[in-house]
Amino acid sequence: GDFGDKVREFNDRYQAPLGEGIDAYRDVQLVVEVAGHLCELQLTTEAFLAAKRATGHRDFEVIRELQAAVAEGVSWRVDRALAWGTEHATTNGPDALRTIL
């Protein structure tokens with residue numbers, strides 16, 4: 001289908017990657033409206049997709065959720081993100097969250 005005027009956001013994260021250096025995450029992200037819902041569409045390479053599935057994206061998700069929860073001042077979301085991050089962070093050991101934060 002034709003997204004046309006349904007594209008609500010476009011981010012070229014190849015030109016402006018998330019992070020710095022060799023570990024920076026790159027993709028093209030679109031947010032499109034479909035049937036009244038906002039949907040995120042990511043276009044990436046096979047290599048970045050494999051890395052994202054393996055480890056890197058979980059740490060990114062924890063950081064992103066913590067930043068949003070703190071910015072909104074929603075303490076229960078902070079608690080939930082910390083608990084999830086402790087369980088799922090890719091860095092091992094009791095200092096896992098300290099390492100990724």
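Trainee: How many bridges pair β2 with strand β3 (residues 37-43), and in which sense, parallel or antiparallel?

Mentor: In this predicted model, β2 pairs with strand β3, which covers residues 37-43. Val32 of the pair stands opposite Cys39 in β3, and Gln29 stands opposite Gln42 in β3. The sense is antiparallel, and the number of bridges is seven.

Trainee: β2 and β3 form a hairpin, so to speak; which residue in the turn has a positive phi?

Mentor: Two residues lie between β2 and β3 in the hairpin. One residue in that turn has a positive phi of about 50°. That residue is Ala35.

Trainee: Which residue in β2 does Val7 stand opposite?

Mentor: β1 and β2 are paired in the antiparallel sense over five bridges. Within β2, the residue opposite Val7 is Val32.

Trainee: In what order do the three strands of the open sheet run?

Mentor: The pairing in this sheet is antiparallel. β1 and β3 each have a single partner strand and stand at the edges, so one side of each is left without a neighbour in the sheet. From one strand to the next, the twist averages 15°. The order is β1-β2-β3.

Trainee: How many of the seven residues of β2 are buried?

Mentor: Buried means under 20% relative accessible area. β2 is largely enclosed by the rest of the structure, because the number of its seven residues that are buried is five.

Trainee: Which residue forms a salt bridge with Glu33?

Mentor: The closest N and O atoms of this salt bridge with Glu33 are 2.5 Å apart. The pair links distant parts of the chain, with Glu33 in strand β2 and its partner in strand β1, 25 residues apart. Glu33 is partly exposed at 25% relative accessibility. The partner, partly exposed with a relative accessible area of 45%, is Arg8.

Trainee: Is Asp27 buried or exposed?

Mentor: Asp27 sits in the loop between β1 (7-12) and β2 (28-34). Leaving out residues up to four places away in sequence, Asp27 touches several others, including Asn11, Tyr14 and Leu43. Its relative accessible area is 0%, and the cut-off for buried is under 20%, so Asp27 is buried.

Trainee: With which side chain does Asp27 meet in a salt bridge?

Mentor: The N to O distance in this salt bridge of Asp27 is 2.7 Å. The partner also belongs to the loop between β1 and β2, 14 residues apart from Asp27. With a relative accessible area of 12%, this partner is buried. The side chain is that of Arg13.

Trainee: Which residue forms a salt bridge with Glu72, and is it buried or exposed?

Mentor: The closest N and O atoms of the salt bridge with Glu72 are 2.6 Å apart. Glu72 is exposed, with a relative accessible area of 53%. The partner has 14% relative accessibility, so it counts as buried. The residue is Arg77.

Trainee: Which element gives the largest share of the largest nonpolar core?

Mentor: Nonpolar side chains tend to be buried together in soluble globular proteins. Here the largest nonpolar core is made up of Val62, Leu66, Ala69, Val78 and Ala81. The elements giving two or more residues to this core are α1 (46-72) and α2 (75-88). The largest share, three residues, comes from α1.

Key: Residues are numbered from 1 along each chain as its sequence is written. This is a predicted model: local features need pLDDT of at least 70, side-chain atom pairs count only at pLDDT 80 or more; totals for chains, interfaces and linings use all residues. Side-chain values use heavy atoms; hydrogens and water are left out. Helices (H or I, at least four residues) and strands (E, at least two) are DSSP runs, numbered from the N terminus. Buried means under 20% relative accessible area, exposed over 50%, partly exposed in between (1.4 Å probe, protein chains only). Contact means heavy atoms within 4.5 Å. Two strands pair if DSSP finds at least two bridges between them. Axes are lines fitted to C-alpha atoms, for helices over the stretch in contact, and angles run from 0 to 180 degrees between N-to-C directions. A nonpolar core is a set of buried Ala, Val, Leu, Ile, Met, Phe, Trp, Tyr and Cys residues joined through side-chain atoms within 4.5 Å. A salt bridge is a side-chain nitrogen of Lys or Arg within 4 Å of a carboxyl oxygen of Asp or Glu.
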